[in-house]
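This briefing goes through one model topic by topic. Please have the sequence and the coordinates open while reading.

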Amino acid sequence: MIKKKFGIIGKPLSHSLSPELHNYWFKKYKIFGIYSLIEVEQNEIEAVIKKIKKNELQGINVTVPYKQAVIPYLDLIINDAKETQSVNTINLNKEGQVVGHNTDVYGLEHGFLNKLNIQDLKKNKVLILGAGGVTSSVIYALLKIGVKRIFISNRTLKKAKDLQKIFNTIEIIEWEIMETEIESMDIIINATSLGLKDGDNFKREFKNTKSNLVYYDIVYNPQETTMIKELKNRGIQTFNGLEMFIYQGQKSFSLWNKINPSLDEELKQILISKLK
Ligand code: ATR
């Protein structure tokens with residue numbers, strides 16, 4: 001039997017727990033497969049995609065900073081990947097086409113949004129911080145639910161404006177004045193990479209938030225970013241991105257292996273034990 005090969009491309013990849021996740025499921029479902037970190041430069045992306053075309057690699061995930069950069073090399077992008085122009089999962093279909101999927105939208109829906117009251121959510125003002133690779137997935141997941149007031153704030157204004165060209169109902173708040181607008185927000189979603197590295201922080205205090213604010217951080221490693229710690233101390237409800245990460249992985253796994261793997265407590269504990 002030939003060992004199935006999977007992996008994740010991106011740079012840097014040292015934070016990624018995807019191998020832990022997928023290799024756990026391979027073992028659990030007795031699939032003869034291996035999932036590895038494939039750290040590549042931009043000019044090496046094409047060669048990796050060719051391996052999928054030749055079935056030398058059965059599937060890959062894509063992470064920062066290549067979720068858009070892979071698109072020109074694919075034969076097809078479908079569903080949420082098409083809507084968001086962001087690809088995090090790739091496979092070869094029966095017709096021999098290399099297909100780009102997006103499972104981040106599913107991850108956010110199941111790992112976070114489904115925990116909230118959908119009727120309230122529709123009326124909420126939601127502020128997304130950041131306009132990087134994952135932001136289009138966040139916007140699209142919110143639009144699918146019917147959230148009407150979506151705000152974006154990003155250090156580089158142009159990237160927020162580029163997103164507004166795709167999703168023209170979103171409103172932009174300039175990064176410099178973002179803190180003054182925070183008091184009217186019901187939900188804040190951090191989709192920047194701030195918090196990922198030790199000491200990296202917003203350098204803002206988010207003092208004037210509503211007391212029933214919900215703060216969601218897509219970062220999951222560390223489990224508690226400085227911002228989560230600060231807000232939690234003030235009694236604000238916070239979530240990190242671990243469940244989103246697990247759910248996006250679940251959908252990738254099921255696309256590749258036609259098995260919907262279970263999200264058991266043992267798996268969650270293994271992942272948590274690997275976090276900072
Ligand atoms: P990419 O920008 O390549 O898509 P990403 O990790 O998906 O990479 O996105 C990083 C996000 O974090 C961006 O929104 C980035 O803001 P810029 O567009 O201005 O670069 C944001 N970010 C990273 N470091 C930041 C910092 N020190 N202050 C504010 N925003 C930061």
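**Salt bridges**

Glu 205 and Lys 207 form a salt bridge through their side chains, with an N to O distance of 2.3 Å. The model is predicted. The points below cover its salt bridges, an enclosed helix, a six-stranded sheet, a nonpolar core and some backbone details.

- Of this first pair, Glu 205 is partly exposed at 44% relative accessibility, whereas Lys 207 is exposed at 55%.
- Asp 80, Glu 109 and Lys 144 belong to one network, joined by salt bridges that share partners.
- The whole structure holds 16 salt bridges.
- Arg 149 and Glu 171 are joined by a salt bridge of 3.0 Å, N to O. This pair connects distant parts of the chain, since Arg 149 belongs to strand β8 (residues 149-153) and Glu 171 to strand β9 (residues 171-172), 22 residues apart.
- Both ends of that bridge count as partly exposed: Arg 149 has a relative accessibility of 35%, and Glu 171 has a relative accessible area of 26%.
- Another salt bridge links Glu 56 to Lys 54, where the closest N and O atoms are 3.8 Å apart. Glu 56 is partly exposed, at 39% relative accessible area, and Lys 54 is exposed, at 56%.

**Helix α4**

- Why is helix α4 (residues 104-111) described as largely enclosed by the rest of the structure? Seven of its eight residues are buried, so the helix is largely enclosed. The cut-off for buried is under 20% relative accessible area.
- The buried residues are Asp 104, Val 105, Tyr 106, Gly 107, Leu 108, Glu 109 and Gly 111. Glu 109 is also a member of the salt-bridge network with Asp 80 and Lys 144.
- The elements covering the buried residues of α4 include α3 (79-84), α6 (135-145), β11 (214-217) and α10 (242-257).

**The six-stranded sheet**

- Six strands make up an open sheet with mixed pairing, in the order β2-β1-β3-β5-β6-β4. Its edge strands, β2 (33-39) and β4 (76-77), each pair on one side only.
- Strands β1 (residues 4-10) and β2 run parallel and are joined by seven bridges. Within this part of the sheet, Phe 6 has Tyr 35 in β2 as its bridge partner.
- Helix α1 (residues 18-28) packs on the sheet and touches β1, β2 and β3 (59-62). The direction of α1 makes about 170° with that of β2.
- Helix α2 (residues 45-53) lies across β1, β3, β5 (89-92) and β6 (98-101). The angle between α2 and β5 is about 40°.

**Nonpolar core**

- The largest nonpolar core contains 31 residues. Phe 112, Leu 142 and Ile 189 have the most contacts inside it.
- At least two residues of this core come from each of α4, β7 (125-129), α6, β8, α7 (157-166), β10 (187-190) and β11.
- Which element gives the most to this core? Helix α6 does, with six residues.
- Leaving aside residues up to four places away in sequence, Phe 112 touches Gly 107, Ile 187, Ile 189, Val 214, Tyr 216 and Phe 239. Of these, Gly 107 is one of the buried residues of α4, and Ile 189 is itself among the core residues with the most contacts.

**Backbone details**

- Most residues other than glycine have a negative phi, and most peptide bonds are trans. The items below depart from that pattern.
- The peptide bond from Lys 11 to Pro 12 is cis, with omega near 0°. Pro 12 sits in the loop between β1 and α1.
- A cis peptide bond also runs from Val 64 to Pro 65, with omega near -5°. Pro 65 is placed in the loop between β3 and β4.
- Lys 30 is not a glycine, but its phi is positive, near 50°. Lys 30 lies in the loop between α1 and β2, and it is exposed, with a relative accessible area of 74%.
- Asn 79, also not a glycine, has a positive phi of about 50°. Asn 79 is part of helix α3 and is exposed at 56% relative accessibility.

Conventions. Residues are numbered from 1 along each chain as its sequence is written. This is a predicted model: local features need pLDDT of at least 70, side-chain atom pairs count only at pLDDT 80 or more; totals for chains, interfaces and linings use all residues. Side-chain values use heavy atoms; hydrogens and water are left out. A salt bridge is a side-chain nitrogen of Lys or Arg within 4 Å of a carboxyl oxygen of Asp or Glu. Buried means under 20% relative accessible area, exposed over 50%, partly exposed in between (1.4 Å probe, protein chains only). Helices (H or I, at least four residues) and strands (E, at least two) are DSSP runs, numbered from the N terminus. Contact means heavy atoms within 4.5 Å. Two strands pair if DSSP finds at least two bridges between them. Axes are lines fitted to C-alpha atoms, for helices over the stretch in contact, and angles run from 0 to 180 degrees between N-to-C directions. A nonpolar core is a set of buried Ala, Val, Leu, Ile, Met, Phe, Trp, Tyr and Cys residues joined through side-chain atoms within 4.5 Å.
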